[in-house]
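Trainee: Please take one part of this model and go through it closely. I would like a single connected account.

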2 protein chains.
Amino acid sequence: MSAKPFRLAVKAVVFDGAKRCLLLRRSAANKGFVGCWEWPGGKVDDGEDFATATLRETAEEAGLQIELTGPAGVTSFEMPAASIVLLCMEARLVSGEVRLSHEHDAAEWVPLAELGRFNLPTAVGDFMLAYAARKAAPA
Amino acid sequence: MSAKPFRLAVKAVVFDGAKRCLLLRRSAANKGFVGCWEWPGGKVDDGEDFATATLRETAEEAGLQIELTGPAGVTSFEMPAASIVLLCMEARLVSGEVRLSHEHDAAEWVPLAELGRFNLPTAVGDFMLAYAARKAAPA
């Protein structure tokens, strides 16, 4: 048997000055998980640096300029043609006002402790909640 | 202030048929952490896919062909010119016998529960031990 290829995707956990992270709601323009809330991000293009991809996707999907600060974690999920490795990076908001693309129809700045009240994509929801719990735990 | 750039590096947690993972001991040819034990891996080249880089580094450093099975975790550490994001991938041994490069002078197949008796690099040792503990915990 030949395994599916692994593809790298990135997400930005963008924090504002009040320690809230940006969630975007997937619009009906998407094939799946319509109405689910997610961090901005997407596939790393062939030959593209992962950090560049994270900044690019955040600008495209949210209209924001950010600065990466460190890794939030990694998870994976299956797509028909590939296994997706989802590398999530923490970032801080540098400039911009939220401006959505056709892929999303709502945005909210959310304290991590409140992530649980949002409809999260099944493939990565548990991972997002585990991250929030880890960040909330005393070091 | 302008932050240092982020660079992606990869490590392979290669398991053999007995659920032992491969550790390599850093030789005196290295600038730092001489004598410390690590998983095979290294920097992702410009334009290189992260999965390709993981297979390449494992072949170069250990002479082994592997198949990636999923993410093990991600951590980061500081270098003078960059912040390194270290993406660790689990893998299974497909073929080959361990053959070291000049970068290492010893190899051992180690059950995760025994990682703690090895001298691990300070920058990533805690991360490696936390991974081992997580894998040992009942799901």
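Mentor: Contact here means heavy atoms within 4.5 Å. The model is predicted, and the part to look at is the interface of chain B and chain A, followed by one residue of chain A. By that contact cut-off, 21 residues of chain B touch 21 residues of chain A. The size of an interface is often given as the accessible area lost when the parts come together. For chain B and chain A this comes to about 1,500 Å², with 78% of it on carbon and sulfur atoms. On the side of chain B that touches chain A, the elements giving two or more residues are β1 (6-15), α1 (50-62), β5 (65-78) and β6 (83-95) of chain B. Of these, β5(B) supplies the largest share, 9 residues. By residue class, that side of chain B holds 12 nonpolar, 6 polar and 3 charged residues. Across the interface the rule finds 0 salt bridges between chain B and chain A. The count of residue pairs in polar contact across the interface, with both residues at pLDDT 80 or more, is also 0.

Now the single residue. Pro111(A) lies in strand β7 of chain A, which covers residues 104-111. Its relative accessible area is 27%; because that value falls between the 20% and 50% limits, Pro111(A) counts as partly exposed. Apart from neighbours within four places in sequence, Pro111(A) is in contact with Lys19(A) and Arg20(A). As for Glu67(A), the C-alpha to C-alpha distance from Pro111(A) is 19 Å, at a sequence separation of 44 residues.

Definitions and conventions: Residues numbered from 1 in each chain as written. Chains lettered and ligands numbered in written order. Predicted model: local features only at pLDDT ≥ 70, side-chain atom pairs only at ≥ 80, totals over all residues. Heavy atoms only, no water. Buried area = accessible area lost by both parts, 1.4 Å probe. Salt bridge = Lys/Arg side-chain N within 4 Å of Asp/Glu carboxyl O. Polar contact = N/O pair within 3.5 Å; in protein donor to acceptor, adjacent residues only side chain to side chain. Helix = DSSP H or I, 4+ residues; strand = E, 2+ residues; numbered from the N terminus. Nonpolar A, V, L, I, M, F, W, Y, C, P; charged D, E, K, R; others polar. Buried < 20%, exposed > 50% of the residue type's maximum accessible area, 1.4 Å probe, protein only.
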